[in-house]
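Trainee: I've got a two-chain model open and I'd like to learn how to read it. Could we go through it together?

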Amino acid sequence: MEVNYRGAEAIVETRQWLGHKVIFKTRNKRGYRHPSLEKKLVKERLRSESRIIERLISRGVNVPAIYGVDISNNCIIMEYIDGITLEKALRGKDFEQYLAQTAQLLSLLHSLNVVHGDPTTSNFMVTNSIYAIDFGLSTVSEDDEDRASDLRVFLESLDSHHSEISGREIFLSHYSEWSSSASVIEALKVLELRGRYNLMRG
Amino acid sequence: MRKTLSKIAIGIESTAHTAGVGLITSEGKILSNQRALYVPKEGGIHPREAANHHSEKLPDLFKSALEEAGLTPADISLVSYARGPGLGPCLRTGATAARAFAYSHDIPLLGVNHCVAHLEIGLLEGAIDPVLLYLSGANTQVIAYAAGRYRVFGETIDIGIGNGLDKFAREAGMGFPGGPKLEKIAKGDELLDLPYSVKGMDLAFSGLMTAAKQKLDSGHSLSTVAYSIQETAFAMSCEVSERALAHTAKKELVLGGGVACNMRLREMANIMAEERGVKCFVPERSLCVDNGVMIAWLGLQMMKADYNITEKDNVVDQKYRTDMVEVTWR
């Protein structure tokens, strides 16, 4: 058993399970929260995350398959994606291709009314194609502002980790291949004009 | 060679309710922390009346700070004031007082960022590279240092947590400041169902406070509602700071701002830090609330790194965001 990540609401571990290498994502207890609030939140989030992944799987989107949900332990057992993170992959020479594929994947999520919530470069895995992982903050939404907020999170993580490549144009041009992208790009412009984002420029 | 000598800075705080004058040495020894609080007769803060209050109090605060420390203006090597963010009239009053003192005694003058000062004073407690959970009236932010700036990882997308508490308390018939009054009466273990709004590392409080008022109107006791507000709002705050800790892989948490005086919040933050294996630093109350000492301390940190004072440091800025400050002193 190998702990990969201790997040703010879950522990992510790699384990052997029925002869496979799988991911256990366990929402462990937060002692600072009132017990009934804790119970309600964990149940809601467990349910929402599994449902969203199910929805994407059924449409053939590249996301980790769910093998099981262990409600008594607040745990989702899912496919282990054997690859490197997009963050690492973008440091190589094929970054343009990866950016294009990621943009297409994100627009596919959006076209299925799923907003990822935290699409940083560490939440995409590169194998022979690109997978989106960690749907802990995802929501079902067809609001262009929510979608634009996804774009902003991605572009910001590009900017902070990969300032050496000018990925913004490449990413947005491939995102724009989606027929309904124009209003999202428009919403992104409005979002980025807000004080709290445009003052980040140094 | 002069750099190795101890220096003393005077700091002037006047961003909102508090007029404060503080004195601190470059070794971090606090010589005086004088404060006067504007309490509105009714309703919320009135910027002009608060400014009038500050202009009335500041001269005495200067005097008593110097007296308490046993110093004269000649002993002071820097005048530091809060340039922003804050209410325009209040900021201008503090800036005017700072300028008058600096120019008449020929001391360098430097305007600093109020939010960054809250963070830097937390470092006096021994933290080195923390995540700051900054909860005050108008400001609710999760801040940490990354690549030359204090970046805001999460913040409120509507109202500040303290203003929310104050507003609820006011509507429930309690006076200002509402937060401490709610803390006193918050009791019980029955948790009412209130909106828990965490969006990534961002927070929202206005829906929570509206729902709380409705619970009160529908007959729930004030102590139960106050208890439920605290449990919900503070759990949200702890969750976003834990997200920032996970995201940045930092090992220290510092609390700051007036709401950080709340004992339940402190307890929850301590539990979170312990469960996560990070260290939690809580400055004493008089340094959590708005004060002149932290302003003076930040000024000293900036000058220690040979900060180049320009004209813009002499102008107040109501919307002076945390992440606008280029951190040259770390």
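**Reading the model, feature by feature**

Mentor: Let's start with one residue: A:L158 lies in helix 4 of chain A. Keep in mind that this is a predicted model.

Trainee: Is A:L158 buried or exposed, and how do I tell?

Mentor: You look at relative accessible area, where under 20% means buried. A:L158 counts as buried because its relative accessibility is 4%. For a sense of scale, A:L158 and A:E79 are 79 residues apart in sequence, and their C-alpha atoms are 26 Å apart in space.

Trainee: Staying with that helix, which residue forms a salt bridge with A:D144?

Mentor: First the general idea. An α-helix has 3.6 residues a turn, so residues three or four places apart point the same way. Now the case here: A:D144 pairs with A:R147, with 3.2 Å between the closest N and O atoms. The two are three residues apart in helix 4 of chain A (residues 144-161), so about one helical turn separates them.

Trainee: And how accessible are the two partners?

Mentor: A:D144 is partly exposed, at 22% relative accessible area, whereas A:R147 is buried, at 7%.

Trainee: What about a salt bridge that joins parts far apart in sequence? Which parts does the pair B:R330 and B:D129 tie together?

Mentor: Start with the contact itself: the side chains of B:R330 and B:D129 meet in a salt bridge, 3.5 Å from N to O. B:R330 sits in the segment after helix 10 (292-304) of chain B, and B:D129 in the loop between helix 3 (114-123) and strand 6 of chain B, so the pair ties together parts that are 201 residues apart in sequence. Both ends are partly exposed: B:R330 has 38% relative accessibility and B:D129 has 28%. For a contrast, take B:R321 and B:D323, another salt bridge, with 3.3 Å between the closest N and O atoms. There, both residues are buried.

Trainee: How many salt bridges does the structure hold?

Mentor: Over all chains, 30. Some charged residues also link up into a network, and one such network includes A:E9, A:K25, A:R27, A:D134, B:E239 and B:R243.

Trainee: That list has residues from both chains. How do I read the interface?

Mentor: Count contacts, then area, then the kinds of interaction. Here 30 residues of chain B are in contact with 23 residues of chain A. Between them the chains bury about 2300 Å², 52% of it on carbon and sulfur atoms. On the chain B side, B:Y196, B:R243 and B:E275 lose the most area to chain A, together 20% of what that side buries.

Trainee: How many salt bridges and polar contacts cross the interface?

Mentor: There are six salt bridges across it. One salt bridge to look up is B:E242 with A:R30, where the closest N and O atoms are 3.0 Å apart. Twelve residue pairs are in polar contact across the interface. As for where the chain B side comes from, strand 8 (149-155), helix 7 and helix 8 (263-276) of chain B each supply at least two residues. Helix 7 of chain B gives the largest share, ten residues. By class, the chain B side has twelve nonpolar, three polar and 15 charged residues.

Trainee: And what should I look for in the interior?

Mentor: In soluble globular proteins, nonpolar side chains tend to be buried together. In this model the largest nonpolar core has 55 residues, and B:I161, B:F168, B:I229 and B:L253 touch the most other members. Helix 1 (35-58) of chain A is among the elements supplying at least two residues, along with strand 11 (252-256) and several other elements of chain B. Helix 7 of chain B supplies the largest share, twelve residues. Apart from this core lies another, of 44 residues, among them A:L56, A:V61, A:L106 and A:V184.

Trainee: Two of those residues have numbers in the 160s. Which residues of helix 4 of chain B are buried?

Mentor: In that helix (residues 161-171), the buried ones are B:I161, B:G162, B:G164, B:L165, B:D166, B:F168 and B:A169. They pack against strand 6 (131-135), strand 7 (140-146), helix 5 (178-185), helix 6 (206-217) and helix 7 (222-248) of chain B. After the helix comes B:G173, which has a positive phi, near 90 degrees.

Trainee: And what does B:L253 touch?

Mentor: Setting aside neighbours within four places in sequence, its contacts include B:P130, B:V131, B:L133, B:A269, B:M272 and B:F281.

Definitions and conventions. Residues numbered from 1 in each chain as written. Chains lettered and ligands numbered in written order. Predicted model: local features only at pLDDT ≥ 70, side-chain atom pairs only at ≥ 80, totals over all residues. Heavy atoms only, no water. Buried < 20%, exposed > 50% of the residue type's maximum accessible area, 1.4 Å probe, protein only. Helix = DSSP H or I, 4+ residues; strand = E, 2+ residues; numbered from the N terminus. Contact = heavy atoms within 4.5 Å. Salt bridge = Lys/Arg side-chain N within 4 Å of Asp/Glu carboxyl O. Buried area = accessible area lost by both parts, 1.4 Å probe. Polar contact = N/O pair within 3.5 Å; in protein donor to acceptor, adjacent residues only side chain to side chain. Nonpolar A, V, L, I, M, F, W, Y, C, P; charged D, E, K, R; others polar. Core = buried A, V, L, I, M, F, W, Y, C linked by side-chain atoms within 4.5 Å.
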